[in-house]
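Grab the viewer and work through these short exercises with me. Each one sets a task and then walks through the solution.

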Amino acid sequence: MKNIFSLFLLSVFSIFLFTACEEDDDLIFIAVPSEEGVAFINTFSSNYLLSQETEDNLAERFVWNQADFGAPTNVNYDLQASLSSSFDVFDLIGTTTETNFSISIGQLMDYAALLGLDDDPATTDVDGNPNNTGTIYFRLRAYAGAGTGNNTEMVSAIISLNVEVIEQVATGVCAGVFALGDALVDAQWEWSTAINIACELDVLTTKVNLTNGTFRFFTTEFDWASSLNYPYFIGEGYTIDANFEDAMDGDNNFRFIGTPGIYEIVIDRNARTITLEESGPLWILGDATPDGWNWGTATPATENTVDVWSATLAINNGTFRFFNIQDDWGSGLNYPYFIGEGYTIDENFEDAEDGDNNFRFIGTPGTYTITVNAIDKTITLN
C-alpha cells in the first residue's frame, strides 16, 4: 500500500511540473517606453560648411541616449532627415542598434542641392540674395523590435542644421572677346587690327575710339561665325548702354549713336550689363604753368589717341602735378605715382620732394608739348 501511495504522489507532482513549465513558455513581456524618451545629446555646430573638395569628410556624428522600453528587447534607431521643419516628408538616413550615427559632408550636399543651393556666386534666390545657405532638419526614431509598423517607439525632438555651400572664388583670368566694326576707329572690319578685350573676374574692360557706325563682338579670333551681336546680349538678359542700339542690319550689329570720342566700355558678366563711360582729360595745375594752381584756368591734356594725353603750354621753373578729375584735389597723380607705375619720365622733370611730391621742371623755360603715354609708359617733353 505504501508503494502505491508513493507512485500516486509522484504522478501528481509530475503533472504539476509539466503544467507549470507549459505556462512559463506562454509568458509575454510587454515593452513600455520610458518617460525619459530619446534625445540627441551631442553639441551641434552653428554652421556647416560644404564643398565638393571635402565631400568625403565627416560632417557630424549624431549621439543620443539609450532608449529604455522597460523590458529585455532589441532596440533599433532610425536617423531621419527632412527639408521641412514640419517633417511631413522625410528620408531615412540610416538604421543602427548603436547610440550614434555619422553623416558626411557629401550627404549634406545632396540635401543642399535639393534646397536649390549652389557654389556659383553669380546665382541668387528670388530676393536677389546669395543662394548658398539653408537649413536641414533631423530627428531620431527609437523602436523595440523591427519594422516601420511597430507602434512601440519613441521619437526625438527635431533639430536643425544650418548649412553653407562655399561659393567658388573666381581665379581672375577668363575668356575675353574681340571687337570689329567701322564704329571702332582703330579696328574697322579687319582682323589684323581687331580689339582684343581681356577679361578678369568675368568683367571685360577696354578703351575704344568710337564714331557713329556699327560693330560686334567675337569669341574666337578670325572666326566670323563666333559673333555676339546685339540680340545675343539682350537674350542673355543684359542691360545695354543707351549709346548703343540694334543696327537692324543683316547681322544685327551694335550701332553707336553717341558723341564720337574715346570711351571705356565694360562688359560685366556678373551684373549682366554693358556700360560706356567717356574718357576725360588729365588736368595740369601748378606754378610751373601760366595759370598756377587755379582750377578755373587749368590746362587739359586731351586724349586724342586711346591712352595717350597731350597738351601744349608754356612751362617755367616751378612745380605742378596731374589730376584725372576736374576740381578734385584728391585725384592728383604726382611724380612718385608714375614712377611706381613703371613710367620713364623726361629728364627735364624731377621729384620736387615737397609736401605733395609734385613734378619740378628743371629745364629751359619755354613752350612745350607734354605727352603722357599710358601704353608705352612714358612722359615726354617736345
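**Exercise 1. Decide whether L114 is buried, partly exposed or exposed, then find its nonpolar neighbours on the surface.**

Step 1: L114 has 58% relative accessibility, so it counts as exposed (buried is under 20% relative accessible area, exposed over 50%, partly exposed in between, with a 1.4 Å probe and protein chains only). This is a predicted model, where local features need pLDDT of at least 70, side-chain atom pairs count only at pLDDT 80 or more, and totals for chains, interfaces and linings use all residues. Residues are numbered from 1 along each chain as its sequence is written, and side-chain values use heavy atoms, leaving out hydrogens and water.

Step 2: L114 sits in helix 2 (a DSSP run of H or I, at least four residues; strands are E, at least two; both are numbered from the N terminus).

**Exercise 2. Work out how N47 is placed and what it touches.**

Step 1: Look in the loop between helix 1 (2-24) and strand 1 (48-50); N47 is there. With a relative accessible area of 31%, N47 is partly exposed.

Step 2: Leaving out residues up to four places away in sequence, N47 touches N162, V163 and E164 (contact means heavy atoms within 4.5 Å).

Step 3: Now check the backbone: the C-alpha atoms of N47 and L161 are 7.0 Å apart, though 114 residues separate them along the chain.

**Exercise 3. Which residues does L50 touch?**

Solution: Not counting residues up to four places away in sequence, L50 touches I105, L108, M109, A112, V163, E164, V165 and I166.
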